[in-house]
Amino acid sequence: QVRLVESGGGLVQAGGSLRLSCAASGSIFNINTMRWYRQAPGKQRELVALITNGGSTNYADSVKGRFTISRDNAKNTVYLQMNSLKPEDTAVYYCNADGVTTVVPGFYDSWGQGTQVTVSS
């Protein structure tokens with residue numbers, strides 16, 4: 001089992017910044033891609049950003065230039081630095097990671113419980 005725990009959400013005014021963290025723990029052999037998703041009320045969950053184990057990144061068009069994803073492989077942690085926040089960034093943010101475990105069945109695709117980000121206008 002691989003567990004993901006997010007932290008860092010909260011309430012911020014438009015134009016402000018927040019940094020989300022997501023730490024993975026458990027039977028981890030390696031972590032391939034780590035992702036941040038978000039889901040606003042009444043909307044589908046959408047991919048915000050991802051980072052591969054080689055450090056390649058990709059962003060949703062709506063956050064390019066404002067959000068930065070990074071990871072610390074030694075800590076099995078992924079971060080999302082969010083700057084110039086807008087009210088439309090309000091959502092529950094979820095961490096996702098896939099990779100190989102040290103136990104059978106060998107592969108995992110795990111999700112965190114989510115952290116609320118609220119941006120006031």
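# Salt bridges, strands and one disulfide

Arg-38 forms a salt bridge with Glu-46, and the closest N and O atoms of this pair are 2.6 Å apart; a salt bridge here is a side-chain nitrogen of Lys or Arg within 4 Å of a carboxyl oxygen of Asp or Glu. The model is predicted, so local features need pLDDT of at least 70 and side-chain atom pairs count only at pLDDT 80 or more, while totals for chains, interfaces and linings use all residues. Residues are numbered from 1 along each chain as its sequence is written, and side-chain values use heavy atoms, with hydrogens and water left out.

The two partners of this first pair differ in their surroundings: Arg-38 counts as buried at 6% relative accessibility, whereas Glu-46 is partly exposed, with a relative accessible area of 33% (buried means under 20% relative accessible area, exposed over 50%, and partly exposed in between, with a 1.4 Å probe and protein chains only). Arg-38 also meets the side chain of Asp-89 in a salt bridge of 2.9 Å, N to O. Because Asp-89 lies in the loop between E8 and E9 and Arg-38 in strand E4, this pair ties together parts that are 51 residues apart in sequence. Asp-89 is buried, with a relative accessible area of 0%, and a network of salt bridges links Arg-38, Glu-46, Arg-66 and Asp-89. The whole structure holds five salt bridges, including one in which the side chains of Asp-61 and Lys-64 meet at 3.1 Å, N to O; here Asp-61 counts as exposed at 65% relative accessibility, and Lys-64 as partly exposed at 48%.

The strand that carries Arg-38 leads on to the pairing of strands (strands, E, are DSSP runs of at least two residues and helices, H or I, of at least four, numbered from the N terminus; two strands pair if DSSP finds at least two bridges between them). Strand E4 (residues 28-39) is joined to E9 by nine bridges, and the two run antiparallel, with Asn-30 standing opposite Val-100 in E9. Five bridges join E4 to strand E5 (residues 46-51), again antiparallel, and in this pairing Met-34 stands opposite Ile-51. E4 and E5 form a hairpin with six residues between them, and Gly-42 in the turn has a positive phi of about 75°.

Strand E9 (residues 91-101) also contains Gly-99, which is buried, with a relative accessible area of 3%. Leaving aside neighbours within four places in sequence, Gly-99 is in contact (heavy atoms within 4.5 Å) with Asn-30, Ile-31, Asn-32, Gly-106, Phe-107 and Tyr-108.

Another feature of E9 is a covalent link. The structure holds one disulfide, defined as a pair of cysteine sulfur atoms within 2.5 Å, and this disulfide joins Cys-22 to Cys-95 with an S to S distance of 2.1 Å. The pair links distant parts of the chain, with Cys-22 in strand E3 (residues 18-26) and Cys-95 in strand E9, 73 residues apart. Both Cys-22 and Cys-95 are buried.

Strand E3 in turn belongs to an open sheet of four strands, ordered E1-E3-E8-E7 with antiparallel pairing. Strand E1 (2-7) and strand E7 (67-72) stand at the edges, each with a single partner strand, so one side of each is left without a neighbour in the sheet. Within this sheet, E3 and strand E8 (residues 77-82) pair in the antiparallel sense over six bridges, and Arg-19 stands opposite Gln-81 in E8.
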